[in-house]
Amino acid sequence: VFWLTLLLLCGASMATAFAADPQLIERAKKEGTFLLYTSMNVPDVNQLFDGFRKKYPFIAPKSYTTRSAALLQRIVTEAQAGRSLADVVQGNAFTLYLLAKKGLTQPYPSPEAKPFPASFRDPAGHWVAAYLQFNVIGYNTRQVAKSAAPKGYADLLDPKWKGKMGMDDKQYIWFDG
């Protein structure tokens, strides 16, 4: 339900919307719950929900938490079956990009997104980066001298690294890079 997406993501502006639209608050009370699909860790989801419950005690937030690749697969599968269950989706940029490309998101130009740099916002309004994760290259200093270590991702294309790298095959975001 789109209004629940607004409710979770917009905090203060939703309080204003509730004050301006009594029908909206009645719809929220009638539905009583929303479902967040997320790749966040459970303690962060719980902290988010604690604050949400204080502000909107008449809505019971629930979550489905999994890795980004599984999250994407579940949302696409549900859409193909004609039954999208998530009210709100939080995931990495690549997941949200693919969902928007498949037409499975709705744009919402959140007023709270305006202070974020343009590169943190989808120009079409389908997503806003809420946090950043940095990927780094790590290496075993007992096996690779500092002078021989890769300085950037392009260095990993050197044939000398073939068969000597490891990465999580469930984190497809690496392949985006």
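Along the sequence, the secondary structure of the protein chain runs α-α-α-β-α-β-α-β-α-α, that is, seven helices and three strands. The model is a predicted one. Of the 177 residues in the protein chain, 28% are classed as buried. Among contacts with a separation of 6 or more, 62% join residues 24 or more positions apart. The exposed area of the protein chain is about 11800 Å², of which carbon and sulfur atoms supply 57%.

In soluble globular proteins, nonpolar side chains tend to be buried together. In the present model, the largest nonpolar core has ten residues: Ala28, Phe34, Leu36, Met40, Val45, Phe49, Phe52, Tyr56, Ile59 and Val88. Two or more residues of this core are contributed by each of strand S1 (33–38) and helix H4 (42–55). H4 gives the most, with three residues. When neighbours within four places in sequence are set aside, Phe49 is in contact with Phe34, Leu36, Pro61, Lys62 and Ser63. A second core, separate from this one, comprises eight residues, including Leu71, Leu72, Ile75 and Trp127.

Aromatic side chains form six pairs. For Tyr56 and Phe58, the ring centres lie 6.3 Å apart and the planes meet at 80°; because this angle is over 60 degrees, the pair is edge-to-face. The two partners differ in exposure class: Tyr56 has a relative accessibility of 3% and therefore counts as buried, whereas Phe58, with a relative accessible area of 24%, is partly exposed. Phe94 and Tyr97 make a stacked pair, with 6.5 Å from centre to centre and 20° between the planes. These two residues are three apart in helix H6, so about one helical turn separates them. Tyr97 is partly exposed, its relative accessible area being 43%. Phe34, Phe49, Phe52, Tyr56 and Phe58 belong to one aromatic cluster. Of the cluster members, Phe34, Phe49, Phe52 and Tyr56 are also listed in the largest nonpolar core.

On the surface, Leu132, Phe134 and Val136 make a nonpolar patch of about 380 Å². Val136 is located in the loop between helix H6 (93–101) and helix H7 (173–176). The relative accessibility of Val136 is 63%, and this residue therefore counts as exposed, the cut-off for that class being over 50%.

Note on methods: Residues are numbered from 1 along each chain as its sequence is written. This is a predicted model: local features need pLDDT of at least 70, side-chain atom pairs count only at pLDDT 80 or more; totals for chains, interfaces and linings use all residues. Side-chain values use heavy atoms; hydrogens and water are left out. Helices (H or I, at least four residues) and strands (E, at least two) are DSSP runs, numbered from the N terminus. Buried means under 20% relative accessible area, exposed over 50%, partly exposed in between (1.4 Å probe, protein chains only). Contact means heavy atoms within 4.5 Å. Accessible areas come from the Shrake-Rupley method with a 1.4 Å probe; for residues, only the protein chains shown count as cover. Patches are made of residues with over 30% relative accessible area and no salt bridge: like charges are joined within 9 Å, nonpolar side chains (Val, Leu, Ile, Met, Phe, Trp, Tyr) within 5 Å. A salt bridge is a side-chain nitrogen of Lys or Arg within 4 Å of a carboxyl oxygen of Asp or Glu. A nonpolar core is a set of buried Ala, Val, Leu, Ile, Met, Phe, Trp, Tyr and Cys residues joined through side-chain atoms within 4.5 Å. Rings of Phe, Tyr and Trp (its six-membered ring) pair if their centres lie within 6.5 Å; planes under 30 degrees apart count as stacked, over 60 as edge-to-face and the rest as tilted.
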